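Good morning, colleagues. I should like to take a few minutes to present one structure, which is now shown on the screen.

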Amino acid sequence: MGDAYASCVFCGEFVLHVPGWASDVPSYRLMRATWREEHAFLVGSLHFSCLRASAVRAEFAAEFAGIATGHGREIAFQAAGGTRTLVQPGLGYVEEIFRGDACAVHRSDTRDSWLVQEHAGPWYVLDRPQIEGVARGERPRLDSGVERIVLPGEPMAGLADATLPGLLDSLGVTDRYPGLAAGEPEYEFWKYSAPKRVLEYAVIATPPLPAEAAAFLRDHAPGYRPIDFDALGREERHRG
Ligand SMILES: [Zn+2]
């Protein structure tokens, strides 16, 4: 992961990955920047606040939804020597179970996973532990595990003891994380290695789901039926 990858594709500022406030689009997603004439592929990190504020949020959201809600699709693009085709992998969130003014909720047909996507672009993946928590009346917590990131410059003094707000402030990107305190983030410093300025850390937070999605999931979660993997397997064998 290089420095370029840690810069927001919209604002160019440093992106500290915090679940619910920032994410990334990996190269293997083959996501196209359909708003550019040459339909270049989009790869990199982004602040969700920058996506929401972007003039191309609708195009981004449509392309992301096209990937997220399918099982893969063939895409054609112009390259040196003519038209080439590639298979853009899908994420399998094929079943739309809610559509509101601000977002849609899709459920995977192959695993117990749900995708909330704002019409303005930002997305949140909830898996079975989160939905079981919602069914118990809890707010879902997202845990993206240990993140490794290259800091853009020399770190602040006392990095190992820094709080998340202090770290974001030292990086000059506090305003890219609006409402973060409401997500009650739990930040944990793991390790810093100076030669390459690699910070390892973890953050668990409650994502800023649109109110209508949170309300829908509170109704949906207690009654959902887990995917029956045995039945899926039988179907596969029948097909095979
Ligand atoms: Zn940004």
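**Strand β7, its neighbours and the zinc site**

I begin with a hairpin: β7 and β8 are joined with 4 residues between them, and G121 in that turn has a positive phi of about 120 degrees. Please bear in mind that this is a predicted model.

The two strands of this hairpin, β7 and β8 (residues 123-127), pair in the antiparallel sense over 5 bridges. Within that pairing, Q117 stands opposite W123 in β8.

β7 also pairs with strand β6 (residues 103-107), again in the antiparallel sense and over 5 bridges. Here C103 is the residue opposite E118 in β7. A hairpin of 5 residues provides the connection from β6 to β7.

How many residues of strand β7 are buried? For β7 (residues 113-118), the count is 6 of the 6, so the strand is largely enclosed by the rest of the structure. S113, L115 and Q117 point one way from β7, while W114, V116 and E118 point the other way, and all are buried.

I turn now to the metal. Which protein atoms are donors of the zinc ion? They are the SG atoms of C8, C11 and C50 together with ND1 of H47, at 2.1 to 2.4 Å from the ion. The angles among these 4 donor atoms run from 103 to 121 degrees, and the site is tetrahedral. Along the chain, the donors follow the spacing C-x2-C-x35-H-x2-C. C8 lies in the segment before β1 (22-25) and H47 in strand β2 (residues 44-47), so this pair ties together parts that are 39 residues apart in sequence. Both C8 and H47 are buried.

Note on methods. Residues numbered from 1 in each chain as written. Predicted model: local features only at pLDDT ≥ 70, side-chain atom pairs only at ≥ 80, totals over all residues. Heavy atoms only, no water. Donors = N, O, S within 2.8 Å, 3.2 Å for Na, K, Ca; no water. Tetrahedral: all angles 85-135°; square planar, octahedral: opposite > 155°, others 65-115°. Buried < 20%, exposed > 50% of the residue type's maximum accessible area, 1.4 Å probe, protein only. Pairing = 2+ DSSP bridges.
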